[in-house]
Amino acid sequence: MSTILDILAAKYTVFVGSASENDVIFSDAETSQRHCQISKVGDNNFLIVDLNSANGTFVNNKKIEKEFISEADFITVGGNIFQLTKKIALAVNAMNPQAKPAEDIPAPVAGFSASAPAKEDQPPGNKKGKISVYFLSAPEDEVTSRAIDKHLSTIRFNTTNPIEIDGDFKIGAGEDITQHKQKLFDADIVLVFVSVDLLNNDECYERLKRVIDNHNHRKTILLPILARNCMWKATPFANLPLLPKNQQPLNNKQYWNSEDDALTEVVNDIYKAINDFAKPEVKEAKVVTGSSPKTMLEIDWRKNYLWKVFWKRVAASLLDGLIIGIPLYIVFYALVLNSLQAQSNDSYYYYDNYMSEEAALKLILYYLLLMAIQILIYAFMESSSWRGTPGKRIMKLQISDNAGNPISFQKALLRNIIKLLIGAFSNIGSGILVILYAVAQIISYARTKKFFHDQLSNTVIGERMQ
């Protein structure tokens, strides 16, 4: 006779069921052909996993899907109760290929029902001892969600409680989409992938409001992950511990040596959060260590967020005008107008106190030259290591493409040409045109959360990382 521990010493996974190919065979009708598996994890840890059996697998009278067990735990499979250290008649294919179904099965232990164990009451939001994690991201960040899910698979068997991970990217073909997405509001931990697309996505915003409400009522733990750089400091996430802890976006190729380095950093932090959550005192309070339970987040936050971003961008533009624009105009008027004034007595340039057509044309050419110089200065600064103009640096902003990469000089040049062309009304137009331009920009921003030149050049303004 052998024990499960004997088998695990020879191989790290033992299959239990009624079929002959299993390592441990129970021949009763309540045992499924491939009922469950028991694995050795590390030196002294054991994990039992139910394999979609008909009647379920029970540990200490509790039905489980995945559960870490010890040598003292009682396992119920069909009508059989056993322990890892309990000797079972030779039914181990790996050790004895001619083994027959087990006959010497321990009698049921007092207080345990082999056929219909009673379910224990589980705490709300932590049913069956599982920790449920939901990935909330914009569709544009689905690839990042899948990558982190893949990295998390390596730690699922090293936690005290089984981890169940869901997300929109896990919706199967033919599955009820609405019902699947409802899992978000029952999750113990919600990972929010922060990016400009998440902040601008109306559906994500409505769902996130409910998640924040659950966070405020301690029904869930909210963990924001900076997937791509954006104006996140104006969001409620600025009041929570942001992952990665160094606040570097996952797609910042200038900082991370590789994508795996970035993902590993985040997964380690998530692993710590899950382990903290599994602690009895934390499960009771539903608060991760280091996050204050008094952190109340604004639920309907986007309206204030959008206008915080708007005025921050306006302030950056005004500062650029003071630092770059005004000095250029002063030089322009000093050189060009003095040049024209010197020729004011020449009727070729002036007659009857009016500027001649050629003089006016020359003035316009000088003005276009001034705009070209201004565009080149802005483009050079935005494509340099500064990643922004002086105004943006003062307001702690930086510019990137939609993927979070520094923009090239050509893209920066195109962006500033578009910006100055649409803003030409404010320089050469009448007061009414200036107002119309401002109103059009505000309407565009309110609807798309971007200015015209951001949309047309596919660029994003985010928080400065250094």
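This passage describes two groups of paired strands, a helix that lies across one of them, and the internal cavities of a predicted model.

Because the model is predicted, local features need pLDDT of at least 70 and side-chain atom pairs count only at pLDDT 80 or more, whereas totals for chains, interfaces and linings use all residues. Residues are numbered from 1 along each chain as its sequence is written, and side-chain values use heavy atoms, with hydrogens and water left out.

Helices (H or I, at least four residues) and strands (E, at least two) are DSSP runs numbered from the N terminus, and two strands are taken to pair if DSSP finds at least two bridges between them. Strands of a sheet pair through backbone hydrogen bonds, in either a parallel or an antiparallel sense. An open sheet is formed by four strands in the order β11-β10-β12-β13, with parallel pairing. Strands β11 (163-167) and β13 (221-226) stand at the edges with a single partner strand each, so one side of each is left without a neighbour in the sheet. On average, neighbouring strands of this sheet are turned by 20 degrees against each other, direction ignored; axes are lines fitted to C-alpha atoms, for helices over the stretch in contact, and angles run from 0 to 180 degrees between N-to-C directions. Strand β12 (residues 189-194) is joined to β13 by six bridges, and Phe 193 stands opposite Ile 225 in β13. Helix α2 (residues 142-152) lies across β10 (131-136), β11, β12 and β13, at about 155 degrees to β10, where contact means heavy atoms within 4.5 Å.

Further pairing involves strand β1 (residues 13-17), which is antiparallel to β3 (residues 36-41) over four bridges. Thr 13 has Ser 39 of β3 as its bridge partner. Strand β1 also runs parallel to β2 (residues 24-25), to which two bridges join it; here Val 16 is partnered by Val 24.

Cavities were sought on a 1 Å grid over the protein atoms alone, a cavity being a set of points where a 1.4 Å probe fits but cannot get out, and lining residues having an atom within 4 Å of a point. Grid points are joined across faces, edges and corners, and a volume is the space filled by probe spheres set on the points. Six cavities of 30 Å³ or more were counted, and the largest holds about 160 Å³ of space. Its lining comprises 15 residues, of which Val 196, Val 309, Arg 313, Lys 449 and Ile 461 lie nearest the centre. Helix α8 (302-342) is among the elements that give two or more residues to this lining, and its four residues form the largest share.

Definitions and conventions. On a 1 Å grid over the protein atoms alone, a cavity is a set of points where a 1.4 Å probe fits but cannot get out, and a pocket is an open set with protein on both sides within 12 Å along at least five of seven lines; lining residues have an atom within 4 Å of a point.
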